[in-house]
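Please go through the cysteines and the surface of this protein, setting each value against the definition it rests on.

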Amino acid sequence: MEGRVKSQLWRYVTFLLLFSAILDTASAVTHYSIPEEMEEGSVVANLASDLGLDVKTLSSRQMRLDIRSSKKYLDVNKQTGELFILEKMDREYLCSVKTATTCFIKMEVILENPVRMFNIEIEIIDINDNAPKFWRDTIRLDISESTAAGERFSLSNAVDPDIGQNSIKTYYLSESEYFDIEIQTGRDGSKFADLILKKPLDREKQNSHNLILTAVDGGVPARSGTASIIVRVLDTNDNAPQFDKDSYTINLTENAPTGSLVVKLNATDRDEGSNSDIIYSYSLYTSEKTQQAFSLNPDSGEIRVKEMINYEDFRIYDMEIIATDKGANSLSGKCKVKILITDMNDNHPEISIKSFTSPVKEDIAVNSVIAVVSVSDKDSGENGQVDIHISDDLPFALKESSDNYYELLVSEPLDHEKVPEYDITITVTDRGNPPLSDNETITLELLDINDNVPQFPQTFYTIPVMENNAPGALLSSLTAIDPDLHENQYLVYFIIEKEIVNTSMSMLFSINPENGNLYALKTFDYEIEKEFLFHIEARDSGVPPLSSNVTVHIIIMDQNDNTPLIVSPWRAHGSVVEEKIPRSTDKGTLIAKVIAIDSDSVHNSRITYQFLHNTDATLFSLDQYNGEIRTMRMFSYRDSRHQQLVVIAKDNGEPALSATVTIKLSTVETALKTYADMTEVPLGYDIFSDINLYLVIGLGSVSFLLLITILVTIVLKCQKTKPSKAAPPCRNSVISERNSTIADSTLVSNDAYWYSLFLAETRKGKLVVRQPVPKGARYVVSSLPRSTGLTETSDSAASTLQASTTTSSSST
């Protein structure tokens, strides 16, 4: 498109140049025509050729242009004689007068030698380089909705600096059902448009209209400019106020608070401004009583309670409300309002206690009546119907006895010890909406009866008491609990009498009757008395009194209060045991055996043996558990003939107690015959052992009764066997404490807590057996002669301990 325009412009320029050449022949003014906005450097014409000048003399003749303008828009090339554009030219700037149809730039061409002047006139041709433009981009119009159709409104016109065909040609309006335009032509040929109202406006349908006005010039290509037209429709009071509904029915509860909102009426007016401002009022058809009961806000249309409303006084209120606007010619609308008063549950139910019994005994019978109550409600219908109840957690129940009368019954057994009193809340509620209620609380106190037996925390008490206690020492506190009250709770403690060996239990123990503290009245000795078993009774002070008892087991605890007693080798108090042994005694030979006994308990009576003094530690050894003294090597000629051994026997108590024995050993050159070699009659024990063995093998098929008879006979025979007079005294003999008819190889003890020691010597070695003897028996400790060979210790051999009663031992 742009190339086509330039081509047309150059054709036009060529035509003008030809026309100018023709004029030059008749006039002295050379005329050229060029379009505005030509690019810099563009050639307008060749002056040398057009003016008949020699190109070669242009420089020497000092050819120049004298332009009658503030700027130098053109210049001459002195080398070629061409007139060219030095600066772009804007026709609207050069010829600002809109009425001028032509625009010229005049200049003179001056040459020297000889001086010549040529008048040049260049016409600037307008091109469509400017678009139409409105003086204001937005045109605002206020048109009343009452304006009649066909009314004309002037609009500001657009301007275009171009002239002729390039100036404004016409106007266009955006599509609208209400508006159109009419184009007018001024005396100067300018175009402007008038806005025409096609049909009446309605502000309530559309309060404003937005239009676009477009101005178009006649150039090729055409240019345009736009302006926005905003039409604001002015309101007229042509609409009456309208309520949302023609009639309202309102339900209002009686006793509604004064000032509470009943309804807010809403009337609307489609007009605006003062034409839409509404005032509310009662009509003449609204009764005076209604206007006294309810107030109407004239501005907001709110109807509120003016005074207390009572359903029983008036149940229906009718009113008519008028809404009037504030227009010059005011219009109004109306509606009807009916207010229905609904009954309200405004009376609380009432409860009354007619009779009440308190306190009552805790053993009151189930279903016994303890109270009678009545209920009432002044309301009617469901508002006057009531329900009565108490907490489900209480051991009571309500039973209707007659119309609106109820009995309060005991529904479960009562227990003063669990709950001493009850707060019983009786609640009555009506069936209104919302329901109303009332309550009454009564306190039932229970009287205690003696229905609880005293209870000890334990059924059996085991009380350890250390022997050697101080008389009057507190052993324990045996306290029982009785949940009853007052005298039913006061307890007295007794020891249930029981005699032990003609001794009353109250002589051994005492109990505080008030607090149950148990005391020992004597000092106990574990070796004599080990335990006591009796009962303690706790009795309350109720009528009748209740009691319970508990078993008390007193266990006497042993103390290490008995010193070990050395019973072998026996020696008089303070004396020294002297023994003679062959100097040729072999290594490992049993020289002596120290035996000590302790009357304390098992733990405190465990004896260990140690050398307190040993003349030669390399010669003798002592077994710390069985007290055996043996040779560790054979005697040499360097060894002393006299050796002294001091052995200490120490028990296992805390602190440990001990006893000592001193043994003096003398070596002789001639070997002593053993007791076994000098015995004419075989040792009864050996005979017993062999016979027992052969009897078991040979008489295995004999009846059990015959075997027992033979064994008893043999045992009795063995016990009566005595050593030969020719035998030397045995070094392991135990001297009788009683100097009785019992052989000096036997020790009889009356202490019930000693352990028996049976020392038997066989061909295989010595046998030591320890075992407790039944309670109440006497104990015999026997020591038999030993052989001279090496001995072995065995814990599995049978014991020949004899246990007899006091009577039998005395007769032995």
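Q: How many disulfides does the structure hold, and what makes a pair of cysteines count as one?
A: The structure, a predicted model, holds 1 disulfide. C95 and C103 have an S to S distance of 1.7 Å, and a disulfide is a pair of cysteine sulfur atoms within 2.5 Å, so this pair qualifies. Local features here need pLDDT of at least 70 and side-chain atom pairs count only at pLDDT 80 or more, whereas totals for chains, interfaces and linings use all residues. Residues are numbered from 1 along each chain as its sequence is written, and side-chain values use heavy atoms, with hydrogens and water left out.

Q: Why is the disulfide of C95 and C103 called right-handed?
A: The torsion about the S-S bond of C95 and C103 is about 80°, and therefore the disulfide is right-handed.

Q: Why does C335 count as buried or exposed?
A: Buried means under 20% relative accessible area, exposed over 50% and partly exposed in between (1.4 Å probe, protein chains only); C335 has 1% relative accessibility, so C335 counts as buried. C95 and C103 are buried as well, and buried residues make up 41% of the 812 residues in the protein chain.

Q: What makes I708 count as buried, partly exposed or exposed, and where is its place?
A: I708 has 35% relative accessibility, which lies between the two limits, so I708 counts as partly exposed. The place of I708 is in helix α8, residues 704-720, where a helix is a DSSP run of H or I with at least four residues, numbered from the N terminus.

Conventions. Helices (H or I, at least four residues) and strands (E, at least two) are DSSP runs, numbered from the N terminus.
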